[in-house]
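Me: I would like a close look at a single part of this structure, namely the contact between its two chains. Please explain it in a formal way that suits a first-year student.

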Amino acid sequence: MTQNRVWPWLWIAIGGAYFVIPLVATFIFSLKAERDTLGFLAYSNVFDDPNFLNSFTFSMMVALVAIALSWLLVVPTVYWVHYRMPRLRFVVELMTLMPFVVPAVVLVFGLIRTYNTTLLNSRQGGWVLLTAAYIILSFPYMYRSVDTGMRAIDVRTLTEAAQSMGANWQTIIFRVIFPNLRVSLLNGAFLTFAIVMGEFTIAALLAQPAFGPYMNLLSSSRIYEPSALAIISFALTWGAIALVQFLGRGNAQNLSGPR
Amino acid sequence: MSYLQLHHLQKAYGTVTAVHDISLDIEPGEFIALLGPSGCGKTTILRMIAGFEKPTQGAILLEGRDITRLPPSRRDMGMVFQSYSLFPHMTAAQNIAFGLRLKKLPTAQQRSRVQTMLELVGLEQMGDRFPHQLSGGQQQRVALARALAIAPRVLLLDEPLSALDARVRVQLRNEIRRIQQQLNITTLFVTHDQEEALSVSDRVVVMSQGHIEQAGTPEEIYLTPSTPFTASFIGAMNQIPGQWHQGRVRVQPKAPSTQDDRPEEWLQVQPTDLPDGTLVIVLVRPESIQILNEESAQPLNANLLSGLIASRLFLGSVVRLSLLIGDFYLKVDVPTDRADHHQLGQVVRLAFAAEQCRILPVEVEPTAPDVPSAIADGAISDSDAKRPTYRDR
């Protein structure tokens, strides 16, 4: 019996150590910017660098726009597939998997070849193209989050109940469907946010001042700052998860069955 | 002109026709139950009236106006669904107010209307609760209040009680009827539960395989079923095959040659103008059959049969006996307090009055026009013959 309890804990400890040790090592290394003492100099250097704030703000803005547009694109699509065209689910799922099949470098070269004489003639055009590429990259994550949320609610009955009370499609989507997908939308948003903040290939090839290329540049030119940046990114990720949990509280309970 | 008219309504899904040429007139304030087994087309009719399905053919007229192609949002029909269809992110009061907000009613009027509706369904104190904080019965009451809040022209109820437990179901169906009468709202109620349909409706429409089998008051449907399907679907019914001959029915026509003159084989029934030789079924309810004791006087003008008790089924207030008579079985209901006298394997005599027997003609498939007389004459056996089909409409 005792032996049975030891093994699970041992495997958990090994798994935990595999995850935590590199993190702790990175953190300790990031504190060694000053000779013979531990300190936050590397963090201070990162925060003092105007490129950090600029690239972070740029990527965050792109991420927020990509998230908003993904919601507007994916939610009505998944809703329509659930409500009217369940047979198309397979096709849509297949389409959302394309970012896994087509590598980012192929995608971005395709975009450049197609739009180099139009959108890429201006800085705004590059920004638009980057955002559009991130929307495509976020498809698999956003689609699956929304699809899971949609399966948890009775889309057909809620739609018909709203229709019988005089609701049009716009009202149904924004006042009935969206509020009931809060947790799913936040999950999809978080995943999209994480992808956009760390993405390098597309941003670099489109020559956009994003956070991914900045991290890459930093890691090739500094010693301690990249580790500090990794820890900052990690903290931001966990902060985003905490935010999702906080904003989504109560929603799962609302979707549970009757008492 | 009727308030709501279904005019030759038909609905097909590819090659499958779910609803065949249905016509029905519904008067204002009437409570109609669409009753039938699963897949008979009753919900499809309701959904066509609500606008969620487009009829393949036919028209729906409300107060004389054709609404067949009108979208659901413009039909002014309140609907309650089988599954709890409340919006999970809204409280009970917000759910009820949803339609009122869409109609842009002033806020004060919305509040007043929501309160009135909550009182109507007996949930005055529950307005601020979310659906997950309500029981199934309470959720359906809120759904009813929400459907009624917009003052719909027709109330559509799609098996609203099916998901509830038996006690709550009875309670809620009575409340639905009370509210319907109080508001005098035209109501269509889809159900597969005959007790529900008979107990609350002004008129019951019995459906089978996309057709209307019979429409009438609950009493008409129960006492004078016009088709074998209605007879078997509403309550328990014995169906005895036989042949109409000179004002009587000869039962067991399959093996007439040796027992032709036994008096039990001739049943007295209600008069009919069927021609002699017509194959019929005799309908008699289990509760209309009396088991005779040895000391019982033989009733006058009653059908008398002898049978072997083949099975007993305890149903609470009655015990249902299955009696083997010749080559068919008869169900007989005996009050539970008198059922001890009747044991398995016992041969008993039973009686039922001619007035309790209705007969329905049986139609034979056209490929075997000579079969009835052939069977009746004993010329061919039943297994050789085409099976007769009921003339069901």
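Reply: The following account treats the contact between the chains and the salt bridges around it. The model is a predicted one.

Chain A brings 24 residues to the contact, and chain B brings 29 residues. Between them, an area of about 2300 Å² is buried, and carbon and sulfur atoms give 60% of this area. There are also 4 residue pairs in polar contact between chain A and chain B, both residues being at pLDDT 80 or more. On the side of chain A that touches chain B, the elements giving two or more residues are α8 (155-164), α9 (169-180) and α14 (251-254) of chain A. Of these, α8(A) gives the most, with 8 residues. Sorted by class, this side of chain A has 9 nonpolar, 10 polar and 5 charged residues.

Side chains of opposite charge can pair when their charged atoms come close. Between chain A and chain B, the count is 1 salt bridge. The bridge joins A:Glu160 to B:Arg47, with the closest N and O atoms 2.5 Å apart. A:Glu160 forms a salt bridge with A:Arg156 as well, where the closest N and O atoms are 3.5 Å apart. A:Glu160 and A:Arg156 both belong to helix α8 of chain A and are 4 residues apart, about one turn of the helix. A:Glu160 has a relative accessible area of 2%, so this residue counts as buried, the limit being under 20%. A:Arg156, at 37% relative accessibility, is partly exposed. A network of salt bridges links A:Arg156, A:Glu160, B:Lys11, B:Arg47 and B:Glu53.

Technical notes
Residues are numbered from 1 along each chain as its sequence is written. Chains are lettered from A and ligands numbered from 1 in the order in which they are written. This is a predicted model: local features need pLDDT of at least 70, side-chain atom pairs count only at pLDDT 80 or more; totals for chains, interfaces and linings use all residues. Side-chain values use heavy atoms; hydrogens and water are left out. Contact means heavy atoms within 4.5 Å. Buried area is the accessible area (1.4 Å probe) that two parts lose on being put together, summed over both. A salt bridge is a side-chain nitrogen of Lys or Arg within 4 Å of a carboxyl oxygen of Asp or Glu. A polar contact is a pair of N or O atoms within 3.5 Å; within protein, one must be able to donate a hydrogen and the other to accept it, and residues adjacent in sequence count only if both atoms are side-chain atoms. Ala, Val, Leu, Ile, Met, Phe, Trp, Tyr, Cys and Pro count as nonpolar, Asp, Glu, Lys and Arg as charged, and the others, Gly among them, as polar. Buried means under 20% relative accessible area, exposed over 50%, partly exposed in between (1.4 Å probe, protein chains only).
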